[in-house]
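Open the model in your viewer and keep the selection panel at hand. The tour begins at the ligand and then moves on to helix packing.

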Amino acid sequence: MKTIVIVCACLALVVTLSRDLAGESAGEALFKRKCGICHGLDRSQSKVMSRQEWAATIRRMRQYADILTDKEAEAIAEYLFERYGHYED
Ligand code: HEC
């Protein structure tokens, strides 16, 4: 029984580590770099929005500061939707 628990713990650790090693997506990296300048990242992380709502929010942020290219804005929107998104019902 003890062995099983230890094997499971090791497997969980390997899975966690390999996920970290796989690294973050471009959208996630950009989000962390650009979206915490004026307010905390938690401002976004505490929300769950649809694809359109995320896109609209990012459009609004871009009016406050011109710090993103269209491509970067798209990558961030994609990341936020995948991680903190919900589908329209
Ligand atoms: C130039 C400063 C600035 C930058 C950069 C910025 N924000 Fe904001 N953000 C604001 C301000 C000001 C508000 C409050 C007013 C508002 O909601 O429009 C806000 C509010 C928000 C909110 C809360 C909106 C709501 O409906 O409650 C979210 C989510 C958000 N920002 C996400 C982001 C994301 C994602 C990025 C990166 C693409 C980003 N912000 C970059 C200034 C900024």
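Select the ligand first. In this predicted model, 16 residues surround the ligand. Show C35, C38, M61, Y64 and A65, which are the closest. Two elements give two or more residues to this shell: α3 (42-45) and α4 (51-64). Colour α4 next, since the largest share of the shell, five residues, comes from that helix. By residue class, the shell around the ligand holds nine nonpolar, three polar and four charged residues.

Stay on α4 and add α5, residues 70-84. The axes of α4 and α5 come within 9 Å and cross at roughly 140 degrees. The two helices are therefore oblique to each other. Their crossing is right-handed. To see the contact, select R51, W54, A55, I58 and R62 on α4, then A73, I76, A77, L80 and F81 on α5. This α4 contact with α5 has eight nonpolar residues, two charged and no polar.

Now hide α4, keep α5 and bring in α2, residues 26-34. How far apart are the axes of α2 and α5, and at what angle do the helices pack? The axes lie 8 Å apart, and the angle is about 100 degrees. That angle makes α2 roughly perpendicular to α5. On the α2 side, pick A26, G27, E28, L30 and F31. On the α5 side, pick E72, A75, I76, E78, Y79 and L80. Seven residues of the α2 contact with α5 are nonpolar, one is polar and three are charged.

Finish with I76 and L80 of α5: both belong to the contact with α4, and both belong to the contact with α2.

Methods. Residues are numbered from 1 along each chain as its sequence is written. This is a predicted model: local features need pLDDT of at least 70, side-chain atom pairs count only at pLDDT 80 or more; totals for chains, interfaces and linings use all residues. Axes are lines fitted to C-alpha atoms, for helices over the stretch in contact, and angles run from 0 to 180 degrees between N-to-C directions. Helices (H or I, at least four residues) and strands (E, at least two) are DSSP runs, numbered from the N terminus. Angles under 35 degrees count as roughly parallel, over 145 as roughly antiparallel, 65 to 115 as roughly perpendicular and the rest as oblique. Two residues are in contact if their C-beta atoms, placed from the backbone, lie within 7 Å. Ala, Val, Leu, Ile, Met, Phe, Trp, Tyr, Cys and Pro count as nonpolar, Asp, Glu, Lys and Arg as charged, and the others, Gly among them, as polar. A residue is near a molecule or strand if its C-beta atom, placed from the backbone, lies within 6 Å of it. A crossing is left-handed if the near helix is turned anticlockwise from the far one by less than a right angle, and right-handed if clockwise.
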